Amino acid sequence: MINVLIFGPPGSGKGTQSVTLAEKYNLLHLSTGDMLRAELAAETALGKKMEAIMAAGELVPDDVVIEMIARKIDCTTGKDGFIFDGFPRTVQQAEALQKMLEARSMKIDLMLVLEVNDAELMNRMKKRALVSGRADDADEAVINNRIDVYRAKTEPVIEYGRQAGISRQVDGVGSIGDIFERLCNHLETVV
Ligand code: AMP
């Protein structure tokens, strides 16, 4: 089993790339953002509670996403590992994931970090807002807040991976195919 984490600010292409990486390497794609949006769409009690936090571009509480991930890990069969997209986003989430994996005799094998400059991110997000229907894509102030939250709360997780020698920075600007190839080159070293 291999476990890959994909990092990058909002609009860096994590979601797009994770889907094709998951297909190529037979990994289960776990996106906490997608899971939370499914709760919103189904108008569950949890979804209603998280809606305002997500619309503001803030992070939902750690225990909410940790619980979601734990449930998915335990009911998965037939896959060669997991690709975690948008999780962990805080040091607490990273520590919880590490414990979860250790308890199941697994570890984090690779952290891929997509790097995209802020101007390009803003451009992409504005385009995505036209088709995504996401409240958090539609407002420039919310996008900026999401980028700030990423820098403040998620980048420390990347630092932890860097020290552990498992993080790989990847240029996230270029064609989707070229970026995919760059990511695959790193994945090939752990499969
Ligand atoms: P994403 O689709 O990954 O950009 O996530 C959309 C929104 O869902 C984020 O801005 C957060 O409000 C929430 N969210 C997704 N994943 C997490 C996470 N791991 N921790 C906290 N909040 C999250």
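The following exercises with worked solutions concern the ligand site, the voids and two backbone features of a predicted model.

**Exercise 1. Describe the shell of residues around the ligand and its polar contacts.**

Step 1. Begin with the residues of the shell. The ligand is surrounded by 16 residues, and those that come nearest are Thr-32, Arg-37, Glu-58, Gly-86 and Gln-93.

Step 2. Sort the shell by class. Six residues are nonpolar, four are polar and six are charged.

Step 3. Assign the shell to secondary structure. Helix H2, residues 32-41, provides the largest share, with four residues.

Step 4. Examine the nitrogen atoms of the ligand. A polar side-chain atom of Thr-32 lies 2.8 Å from a ligand nitrogen. Gly-86 places a backbone N or O atom 2.9 Å from a nitrogen atom of the ligand, and for Val-60 the distance from a backbone N or O atom to a ligand nitrogen is 3.1 Å. Each of these pairs counts as a polar contact because the cut-off for two N or O atoms is 3.5 Å.

Step 5. Consider how much of the ligand is covered. On its own the ligand has 480 Å² of accessible area, of which the protein covers 95%.

**Exercise 2. Identify the pocket that corresponds to the space taken by the ligand, and characterise its lining.**

Step 1. Locate the space. The ligand takes up the space of the largest pocket.

Step 2. State its volume and lining. The volume of the largest pocket is about 960 Å³. Its lining consists of 45 residues, with Gly-11, Lys-14, Arg-128, Arg-134 and Arg-146 nearest the centre.

Step 3. Map the lining onto elements. Two or more residues each come from helix H1 (14-25), strand S2 (28-31), H2, helix H6 (118-132), helix H7 (140-164) and helix H8 (176-187). The largest share, six residues, belongs to H6.

Step 4. Sort the lining by class. There are 14 nonpolar, 18 polar and 13 charged residues in the lining of the largest pocket.

**Exercise 3. Determine how many cavities of 30 Å³ or more the model contains, and describe the largest cavity.**

Step 1. Count. There is one cavity of 30 Å³ or more.

Step 2. Give the volume. The largest cavity measures about 40 Å³ in volume.

Step 3. List the lining. The residues are Phe-7, Gly-8, Lys-14, Gly-86, Phe-87, Pro-88, Arg-89, Tyr-150 and Thr-154. By class, four are nonpolar, three are polar and two are charged.

Step 4. Relate the lining to the ligand and the pocket. Gly-86, a residue of the cavity lining, is also among the residues that come nearest the ligand. Lys-14 lines the cavity and is one of the residues nearest the centre of the largest pocket.

**Exercise 4. Describe the backbone at Pro-88 and at Glu-43.**

Step 1. Take Pro-88. A cis peptide bond, with omega about 0°, joins Phe-87 to Pro-88. Pro-88 belongs to the loop between strand S3 (81-85) and helix H5 (91-103).

Step 2. Take Glu-43. Although Glu-43 is not a glycine, its phi is positive, at about 55°. Glu-43 lies in the loop that runs between H2 and helix H3 (45-55).

Key: Residues numbered from 1 in each chain as written. Predicted model: local features only at pLDDT ≥ 70, side-chain atom pairs only at ≥ 80, totals over all residues. Heavy atoms only, no water. Near = heavy atom within 4 Å. Polar contact = N/O pair within 3.5 Å; in protein donor to acceptor, adjacent residues only side chain to side chain. Areas by Shrake-Rupley, 256 points an atom, 1.4 Å probe, with all protein chains shown as cover. 1 Å grid on protein atoms, 1.4 Å probe; cavity = no way out; pocket = protein on both sides within 12 Å on 5 of 7 lines; lining within 4 Å. Sits in = over half its atoms within 2 Å of the grid points. Nonpolar A, V, L, I, M, F, W, Y, C, P; charged D, E, K, R; others polar. Points joined across faces, edges and corners; volume = space filled by probe spheres on them.
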